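Trainee: I am new to this structure and should be grateful for a close look at a single part of it.

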Amino acid sequence: MNALRVLGLLLVCQLALAIESAPYTVVNSADTYEERVYPAQKWITTSILSISHDEATSITFYRLFDYIDGQNEDGMKIDMTAPVTTLVIPGEGPNCENNFTESFYIPSAHQANPPKPTNPDVYIEERPELHVFSRRFHGFASDQDWITNAAQLHDDLVAAGEEGVDFQTYYTVGYDSPFVIIDRDNEVWFMKK
Ligand SMILES: *[C@@H]1O[C@H](CO)[C@@H](O)[C@H](O)[C@H]1NC(C)=O
């Protein structure tokens, strides 16, 4: 094994051990997707209009990262969590840009009273209970990978006869910081109405 791979594994292990994840319960496991319920929780959130997922999230990720790095009214550092979710509303902008709304889960220790963000583009989202269908895939996800996997999940849900799925919007979901180079986990989610 070369040094880069060893470093990558170390990073993966440290993150896997250290990071708190948003709680959920599994309702049903199918071959290619999982149905889950996330209880109502607070997330830290910001939106942008863009053509490209990659371009949008390279801006929104760092707005949220700055918040947990101390850009909040208490100047408080807050632990990174998983996953990072991005709600994609296709074609919402005046020039048919997509609306990308990215969020970090606020750690349980700060759920009751999270510090207010100082950046006016960042806000605390009171996310209601979320019922989703999730498809997992791996690697560095490109704009095309998100779309391909959302389309596959759509087809699988239709083929399985799942009812009450909202196909108008979807979430892209990441579990690794941009610094993790191997064994990256990604998901796409459709919401149940
Ligand atoms: C994008 O969508 C979010 C979530 O629905 C909404 O709060 C925000 O106002 C939208 N942003 C723009 C610029 O349309």
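Which polar side-chain atom lies 3.5 Å from an oxygen atom of the ligand, and to which residue does it belong?

Mentor: Please bear in mind that the model is predicted. The atom in question belongs to Glu-92, whose side chain places a polar atom 3.5 Å from an oxygen atom of the ligand. Two further residues offer side-chain N or O atoms to a ligand oxygen: for Asn-99 the distance is 2.3 Å, and for Thr-101 it is 3.5 Å. On its own the ligand has 360 Å² of accessible area, of which the protein covers 49%.

These three residues belong to a wider shell. Around the ligand stand Ser-47, Leu-49, Ile-89, Glu-92, Asn-99, Thr-101 and Tyr-123. By character, the shell comprises three nonpolar residues, three polar ones and one charged. Two strands, β4 (41–50) and β7 (98–105), each contribute at least two residues to this shell.

For the setting beyond the ligand, strand β11 may also be considered. This strand spans residues 185–192, and six of its eight residues are buried, so the rest of the structure largely encloses β11. Strand β9 (residues 130–138) runs antiparallel to β11 and is joined to it by seven bridges; within this pair, Asp-185 of β11 has His-138 opposite. Strand β10 (residues 165–174) is likewise antiparallel to β11, with six bridges between them, and here Asn-186 of β11 faces Gly-174 as its opposite residue.

How values were computed: Residues numbered from 1 in each chain as written. Predicted model: local features only at pLDDT ≥ 70, side-chain atom pairs only at ≥ 80, totals over all residues. Heavy atoms only, no water. Near = heavy atom within 4 Å. Polar contact = N/O pair within 3.5 Å; in protein donor to acceptor, adjacent residues only side chain to side chain. Areas by Shrake-Rupley, 256 points an atom, 1.4 Å probe, with all protein chains shown as cover. Helix = DSSP H or I, 4+ residues; strand = E, 2+ residues; numbered from the N terminus. Nonpolar A, V, L, I, M, F, W, Y, C, P; charged D, E, K, R; others polar. Buried < 20%, exposed > 50% of the residue type's maximum accessible area, 1.4 Å probe, protein only. Pairing = 2+ DSSP bridges.
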